[in-house]
Amino acid sequence: MNPNPPLPSLDALLPADMAKKAENIGVTKANLGPFRMFALAVLAGAFIAMGAVFMTTVTTGATDFLSYGVTRLLGGLVFCLGLVLVVVAGAELFTGNNLIVMAWAGRKVSTAKLLRNWVIVYLGNFVGSIATAYGMFLSGQYLFNKGALGLNALNIANAKVSHDFIPALVLGIFCNALVCLAVWLCMGARTTTDKIAAIIFPITAFVAAGFEHSIANMYFIPIGLFIKGGAPAEFWTNIGKTAADFSGLTWGSFFVANLLPVTIGNIIGGALMVGLVYWFIYLRPSWTGHKEEADKPEPKLKKA
């Protein structure tokens, strides 16, 4: 045995190695049993929802003394909690799992397994997110600060269902490009601290810019709907509004005006713009069936 074994490297993986790691992780995710996959997806939905709770709480009243941009920045920073929990604690998030397309493109995961993962995880995320939203409604947290927190939740939800289809689609594209880039950066991380640092800027950017995340919206919009449908009269008196002021906020607008276009956009942004692009750059076989020449190690020179 070597009495002085080399210390493990703390350097981040290089992109080519990150691509191979992403491909292997995709295979593992696609082959999870359905019950474990669903349970992990429920956790991810709840984790993202907790990031949304944090954001709603922190941004309540912030625009009274901060600019719009700074308020969005603060909201983005605290929303990072959701993906930190998903990545570090371990859970299955639909938007991040769009990167499984890298294993699919390399024919290591079948189309059936790819779609099986996306469907089960999407449904599990929905259950976790909406259950958290209903739990927060039952807690009465929206009544805090004389209902200001609930008004903020209503305004956020109302704004999200007010997008036209194409803007919602494009906002979803850019959102998941950043989310998948955050997950991609985590592939190169060696430590928990590295992973958290890699998550902060891409996630803060998408929230601050107002991009649309399908799983986060499974919390943001339902909590508004629960408040609209079940808040007591005292709440409406305190905020100086009525449920009629949010007439566009309905379950139909949630599913059709937001969740449908945003989900499509998230798939385009994550699977196509990040997953397939990095697969093409680092994992694509050449036309002759061999790896690109650039991927081959340089030949060793013979000593004279």
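Partly exposed describes a residue whose relative accessible area falls between the buried range, under 20%, and the exposed range, over 50%. Lys108, with a relative accessible area of 46%, is therefore partly exposed. The structure discussed here is a predicted model.

## Salt bridges

Three salt bridges turn up in a search of the whole structure. The table gives the closest N and O atoms of each pair.

| Salt bridge | Closest N and O atoms |
|---|---|
| Glu23 and Lys108 | 3.0 Å |
| Glu92 and Lys29 | 2.9 Å |
| Lys160 and Glu212 | 3.3 Å |

Lys108 has Glu23 as its salt-bridge partner. Glu23 sits in helix α1 (residues 15-30) and Lys108 in the loop between α5 (101-105) and α6 (111-139), so this salt bridge ties together parts that are 85 residues apart in sequence. Glu23 has 8% relative accessibility and therefore counts as buried, while Lys108 is partly exposed at 46%.

Helix α1 also contributes Lys29, whose partner Glu92 is in the loop between α4 (81-90) and α5; the pair links distant parts of the chain, 63 residues apart. Both Glu92 and Lys29 are buried.

In the salt bridge between Lys160 and Glu212, the closest N and O atoms are 3.3 Å apart. Lys160 belongs to helix α7 (residues 148-160) and Glu212 to the loop between α9 (192-208) and α10 (214-230), so parts that are 52 residues apart in sequence are tied together by this pair. Lys160 counts as buried because its relative accessibility is 11%, and Glu212 counts as buried because its relative accessibility is 2%.

## Surroundings of Ser129

Ser129 is placed in helix α6. Its relative accessible area is 0%, so Ser129 is buried. A polar atom of the Ser129 side chain lies 3.1 Å from the backbone oxygen of Gly45. The backbone oxygen of Ile215 is 3.5 Å from a polar atom of that side chain. Leaving aside residues up to four places away in sequence, Ser129 touches Gly45, Ala46, Ala49, Ile215, Met218 and Tyr219. Gly45 and Ile215 thus appear among the residues that Ser129 touches, and each also places a backbone oxygen by the serine side chain, at 3.1 Å for Gly45 and 3.5 Å for Ile215.

## Aromatic residues

The search of the whole structure finds 20 aromatic pairs. One of them joins Tyr134 and Phe226: the ring centres are 5.2 Å apart and the planes are at 70°, so the pair is edge-to-face. It links distant parts of the chain, with Tyr134 in helix α6 and Phe226 in helix α10, 92 residues apart. Tyr134 is partly exposed at 41% relative accessibility, whereas Phe226 is buried, with a relative accessible area of 17%.

The rings of Phe235 and Trp236 have centres 5.1 Å apart and planes at 75°, so this pair too is edge-to-face. At 1% relative accessibility Phe235 counts as buried, and Trp236 counts as buried at 12%.

These four residues belong to one aromatic cluster, formed by Phe126, Tyr134, Phe137, Tyr142, Phe226, Phe235, Trp236, Phe246, Trp251, Phe254 and Phe255.

A charged side chain is also placed against a ring: Arg284 lies over the face of Phe280, at 4.4 Å from the ring centre.

Note on methods
Residues are numbered from 1 along each chain as its sequence is written. This is a predicted model: local features need pLDDT of at least 70, side-chain atom pairs count only at pLDDT 80 or more; totals for chains, interfaces and linings use all residues. Side-chain values use heavy atoms; hydrogens and water are left out. A salt bridge is a side-chain nitrogen of Lys or Arg within 4 Å of a carboxyl oxygen of Asp or Glu. Helices (H or I, at least four residues) and strands (E, at least two) are DSSP runs, numbered from the N terminus. Buried means under 20% relative accessible area, exposed over 50%, partly exposed in between (1.4 Å probe, protein chains only). A polar contact is a pair of N or O atoms within 3.5 Å; within protein, one must be able to donate a hydrogen and the other to accept it, and residues adjacent in sequence count only if both atoms are side-chain atoms. Contact means heavy atoms within 4.5 Å. Rings of Phe, Tyr and Trp (its six-membered ring) pair if their centres lie within 6.5 Å; planes under 30 degrees apart count as stacked, over 60 as edge-to-face and the rest as tilted. A charge sits over a ring if NZ of Lys or CZ of Arg is within 6 Å of the ring centre and within 35 degrees of the ring normal.
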